[in-house]
Amino acid sequence: VAEANPSDIDLLIVSSAVPDLLGSGNASAVHRKLGLPKTCLTLNHDNQCSSAVSSIITAQVMLASGAYRKALIVQSAVFSRVLPYELPLSVNFGDGATAAVLGPVSGHRGLLGSSWFNDGSYHRAVCTAPRGGGRWQDAKGGLVTASLEPEKGREAIFRFGDMAKEAVDAAAEKANIDLKDV
């Protein structure tokens, strides 16, 4: 259980796969609704499916710098806004949210190692775009989550397990731990 009051939070990182408003993100709204201090650095940090991991890594680096003491990271997705449930792709997406408070810990605890891999090749595998493709600003009939490169989408589904294992192995190596000890 996190022991933090709104006044304790000096770093807020919010990731919204489908934000309430396009362009402004949800960070300022979360900041206001929680009554966080004006001095709390408030960031929209959208990295879609990997937002939770990248938010933790970003917060850890900022906390380790000593510039911040407690971070609140929040992720949300409301895919029902842009993904009709009758589409086959809908089984991979849903609505939900998570939040975590990060701060100083003692001993050999906390984020001991991390890794990150991205070659950019899946950027059109799953995205929100106008029906039929194109840029979101050209949408006339609404937006939908779809694959603009279906072959890349299929490849990604089969590769994600291998990529996750590669990332976990690299993080364990950086942390100098054996996965058997986790």
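User: Let's fix terms: buried means under 20% relative accessible area, exposed means over 50%, and partly exposed is in between. On that scale, is aspartate 169 buried, partly exposed or exposed?

Analyst: Keep in mind that this is a predicted model. The relative accessibility of aspartate 169 is 30%. That value is not under 20% and not over 50%, so aspartate 169 counts as partly exposed.

User: Which residue forms a salt bridge with aspartate 169?

Analyst: Side chains of opposite charge can pair when their charged atoms come close. A search of the whole structure turns up 1 salt bridge. Its closest N and O atoms are 2.7 Å apart, and the partner of aspartate 169 is lysine 165.

User: Where do lysine 165 and aspartate 169 both lie?

Analyst: Lysine 165 is exposed, at 52% relative accessible area. The two residues are 4 apart, about one turn of the helix, and both lie in helix H3.

User: In what order do the elements of the protein run from the N terminus on?

Analyst: The secondary structure comes to 3 helices and 6 strands. Reading from the N terminus on, the run is β-α-β-α-β-β-β-β-α.

User: What is the strand order in the open sheet of 4 strands?

Analyst: The pairing in this open sheet is mixed, and the order is E2-E1-E3-E4. Each of the edge strands pairs on one side only, and those are E2 (41-44) and E4 (95-102). From one strand to the next the twist averages 10°. To repeat the order, it's E2-E1-E3-E4.

User: How do E3 and E4 run, parallel or antiparallel?

Analyst: Take the other pairing of E3 for contrast: 6 bridges join E1 to E3 (residues 71-78), and those two run parallel. E3 and E4 are joined by 8 bridges, and they run antiparallel.

User: Which residue in E4 is the bridge partner of serine 76?

Analyst: Serine 76 belongs to E3 and stands opposite serine 16. Elsewhere in E3, isoleucine 73 stands opposite isoleucine 13. On the E4 side, the bridge partner of serine 76 is alanine 97.

User: How many of the residues of E3 are buried?

Analyst: For the whole protein, 27% of the 182 residues count as buried. E3 is mostly covered, and out of its 8 residues the number buried is 6.

User: At about what angle does helix H2 run to E3?

Analyst: Helix H2 covers residues 51-64 and lies across E1, E2, E3 and E4. Angles here go from 0 to 180 degrees between N-to-C directions, so direction matters when you read the value. For H2 against E3 it's about 165°.

User: Is serine 54 buried or exposed?

Analyst: Serine 54 sits in helix H2. Leaving aside neighbours within four places in sequence, its contacts are His45, Asn47 and Trp116. Its relative accessible area is 7%, which is under the 20% cut-off, so serine 54 is buried.

User: What is the relative accessible area of histidine 31?

Analyst: Histidine 31 is found in helix H1. Once neighbours within four places in sequence are set aside, histidine 31 touches Leu12, Leu36, Pro37, Lys38, Cys40 and Thr42. It counts as buried, with a relative accessible area of 16%.

User: How far apart in space are serine 24 and asparagine 44, C-alpha to C-alpha?

Analyst: Serine 24 is in the loop between strand E1 (11-16) and helix H1 (27-34). It's partly exposed, at 38% relative accessible area. Serine 24 and asparagine 44 are 20 residues apart in sequence, and their C-alpha separation is 8.3 Å.

User: Among contacts between residues at least 6 apart in sequence, what percentage join residues at least 24 apart?

Analyst: The serine 24 and asparagine 44 pair, at 20 residues apart, is one sequence separation we've already met. For the protein's contacts between residues at least 6 apart, the share joining residues at least 24 apart is 63%.

User: What is the approximate area of the nonpolar surface patch that includes isoleucine 177?

Analyst: Isoleucine 177 is located in the segment after helix H3 (150-175). Patch residues need over 30% relative accessible area, so isoleucine 177 passes with its 33%. The protein exposes about 11,700 Å², with 56% of that supplied by carbon and sulfur atoms. Leu112, Val168, Ile177, Leu179 and Val182 make the patch, and its area is about 410 Å².

Technical notes: Residues numbered from 1 in each chain as written. Predicted model: local features only at pLDDT ≥ 70, side-chain atom pairs only at ≥ 80, totals over all residues. Heavy atoms only, no water. Patch = residues over 30% accessible without salt bridge, like charges linked within 9 Å, V, L, I, M, F, W, Y side chains within 5 Å. Areas by Shrake-Rupley, 256 points an atom, 1.4 Å probe, with all protein chains shown as cover. Salt bridge = Lys/Arg side-chain N within 4 Å of Asp/Glu carboxyl O. Buried < 20%, exposed > 50% of the residue type's maximum accessible area, 1.4 Å probe, protein only. Contact = heavy atoms within 4.5 Å. Pairing = 2+ DSSP bridges.
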